[in-house]
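This report describes a protein model, beginning with one of its residues and widening to the whole chain. Please keep the sequence and the structure in view while reading.

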Amino acid sequence: MNSTTRAVRHLLVLPDRDAAEEAAEEAAERFPLPEEPQLVRDALAGEDDAEDAQWLVVLEDPDSALDPGALDALADEYGGWREDA
């Protein structure tokens, strides 16, 4: 495979499920996503309390076409941040 693009998985790390659900809906409206965003609960290391969980919105970006700055702005709107996985 001689492609110069590499697949990226963006994670929007958000403080709660409501924010994650809203951000996922907004991402699906704003960006040309190849598939629906996935929601994943991410318990913080060593924490058993569900209140200490973060929520991830997983965005597949097989062609590295999504603008990281726009994704950062979206995550920020919902009190979170973006990471690449």
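In this predicted model, Arg82 is found in strand 4, which spans residues 81-84. The relative accessible area of Arg82 is 18%, and because buried means under 20%, Arg82 counts as buried. Its side chain takes part in polar contacts with two acidic side chains: one with Asp72, at 2.7 Å, and one with Asp84, at 2.8 Å. When neighbours within four places in sequence are left aside, Arg82 is in contact with His10, Leu11, Leu12, Pro68, Leu71, Asp72 and Ala75, so that Asp72 appears both in this list and as a polar partner of the arginine side chain.

Two of the residues touched by Arg82, His10 and Leu11, deserve a description of their own. His10 is found in strand 1, made up of residues 8-14, and Leu11 has its place in strand 1 as well. His10 is buried, with a relative accessible area of 2%, and Leu11 is buried too, with a value of 14%.

The side chain of His10 is joined to that of Asp61 by a polar contact of 2.9 Å. Not counting residues up to four places away in sequence, His10 touches Val57, Val58, Leu59, Asp61, Leu66, Leu71, Arg82, Glu83 and Asp84; Asp84, as noted, is also a polar partner of Arg82. For Leu11, with neighbours within four places in sequence again left aside, the contacts are Val57, Val58, Trp81, Arg82, Glu83 and Ala85. One of these partners, Val57, lies 46 residues from Leu11 in sequence, while the two C-alpha atoms are 5.6 Å apart in space.

The side-chain polar contacts described above are collected here.

| Side chain | Partner side chain | Polar contact |
|---|---|---|
| His10 | Asp61 | 2.9 Å |
| Arg82 | Asp72 | 2.7 Å |
| Arg82 | Asp84 | 2.8 Å |

Turning to the whole chain, the protein has two helices and four strands, and from the N terminus on these elements run in the order β-α-β-β-α-β. Of its 85 residues, 34% count as buried, and His10, Leu11 and Arg82 belong to that buried group. Among the contacts in the protein with a separation of 6 or more, 68% are accounted for by residues 24 or more positions apart. The protein exposes about 5400 Å², of which carbon and sulfur atoms supply 44%.

Notes
Residues numbered from 1 in each chain as written. Predicted model: local features only at pLDDT ≥ 70, side-chain atom pairs only at ≥ 80, totals over all residues. Heavy atoms only, no water. Buried < 20%, exposed > 50% of the residue type's maximum accessible area, 1.4 Å probe, protein only. Polar contact = N/O pair within 3.5 Å; in protein donor to acceptor, adjacent residues only side chain to side chain. Contact = heavy atoms within 4.5 Å. Areas by Shrake-Rupley, 256 points an atom, 1.4 Å probe, with all protein chains shown as cover.
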